[in-house]
Amino acid sequence: MESVTVIDVSNNAQIVADKVLYTGKVKTTGGREGASKSTDGRLDISLSTPGGQGSGTNPEQLFAAGWSACFIGAMRRNAAGLQIPLPADTTVEAEIDLATNGEGSSLAFSLQARLKVYLPGLTADQAKAVVEAAHQTCPYSKATRGNINVLINVSV
C-alpha cells in the first residue's frame with residue numbers, strides 16, 4: 001500500500017515534546033458504523049451513530065471517557081503539588097455534545113463539553129485550586145482550549 005502525506009500540520013504545534021510517554025494506536029474501519037481496534041488488542045469495540053440502532057459506542061462517549069479519566073489524573077498530580085488530599089471517591093462526569101451550526105451546504109459540525117467534577121470533603125477553595133490547575137495541565141483540556149465551548153462545574 002502506497003503512503004501519501006496529505007496534510008502535515010506538525011509545525012503548527014505551540015508545544016514541543018521532549019519525550020513521548022505513550023502512543024495509542026487504533027485502526028478504525030467503517031466510520032461511525034464500524035469498529036475500532038488498538039494494535040495491542042486491549043481496545044476492540046463496535047461503533048454506532050449516536051441515537052442509532054447499533055449496540056456499539058460512539059466517538060463522543062470515547063472522548064468523554066478519555067477526558068474524564070485524564071482529568072482525574074491531572075487533579076491527582078496537581079492536588080499532590082498543592083498539598084491537598086484528593087478524595088478517594090473523586091469523580092468526573094464528562095458530557096460531550098455533537099452539535100451543528102447552519103444548514104444545507106453551510107452545515108458545520110462541532111463539539112462542546114461539560115465536566116462535572118465531584119470532590120467530596122474538600123473546601124470550595126481547595127476544589128477550585130485543584131480543578132483550575134488540572135484544567136491547565138490535562139492534555140485533553142489543552143487540546144480543546146480555544147477550540148470548543150467547555151463548562152466545568154465543581155461540587156464538594
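**A note on the sheet, its helices and a pocket**

1. Let's start with a pair of neighbours: strand 5 (residues 108-118) and strand 6 pair in the parallel sense over 7 bridges. Strands here are DSSP runs of E with at least two residues, and helices are runs of H or I with at least four residues, numbered from the N terminus. Two strands pair if DSSP finds at least two bridges between them. Within this pairing, R114 stands opposite L151 in strand 6.

2. A word on what you are looking at: this is a predicted model, in which local features need pLDDT of at least 70, side-chain atom pairs count only at pLDDT 80 or more, and totals for chains, interfaces and linings use all residues. Residues are numbered from 1 along each chain as its sequence is written, and side-chain values use heavy atoms, with hydrogens and water left out.

3. Now widen the view. The open sheet has 3 strands in the order 4-5-6, with mixed pairing. Its edge strands, strand 4 (91-101) and strand 6 (149-155), each pair on one side only. From one strand to the next, the twist averages 15°.

4. On the other side of the pairing story, strand 4 and strand 5 run in the antiparallel sense over 11 bridges, with L98 opposite L111 in strand 5. The hairpin of these two strands has 6 residues between them, and there G102 takes a positive phi near 85°.

5. R114 deserves a second look. This residue forms a salt bridge with E95, with the closest N and O atoms 2.7 Å apart (a salt bridge is a side-chain nitrogen of Lys or Arg within 4 Å of a carboxyl oxygen of Asp or Glu). The pair links distant parts of the chain, since R114 sits in strand 5 and E95 in strand 4, 19 residues apart. The whole structure has 5 salt bridges.

6. Next, the helices. Helix 1 lies across strand 4, strand 5 and strand 6, at about 140° to strand 4. Helix 2 (residues 124-137) packs on the sheet, touching strand 5 and strand 6, and makes about 150° with the direction of strand 6. Contact means heavy atoms within 4.5 Å; axes are lines fitted to C-alpha atoms, for helices over the stretch in contact, and angles run from 0 to 180 degrees between N-to-C directions.

7. Finally, which element gives the most to the lining of the second largest pocket? Helix 1 does, with 4 residues. A pocket is an open set of points on a 1 Å grid over the protein atoms alone, where a 1.4 Å probe fits, with protein on both sides within 12 Å along at least five of seven lines; lining residues have an atom within 4 Å of a point.
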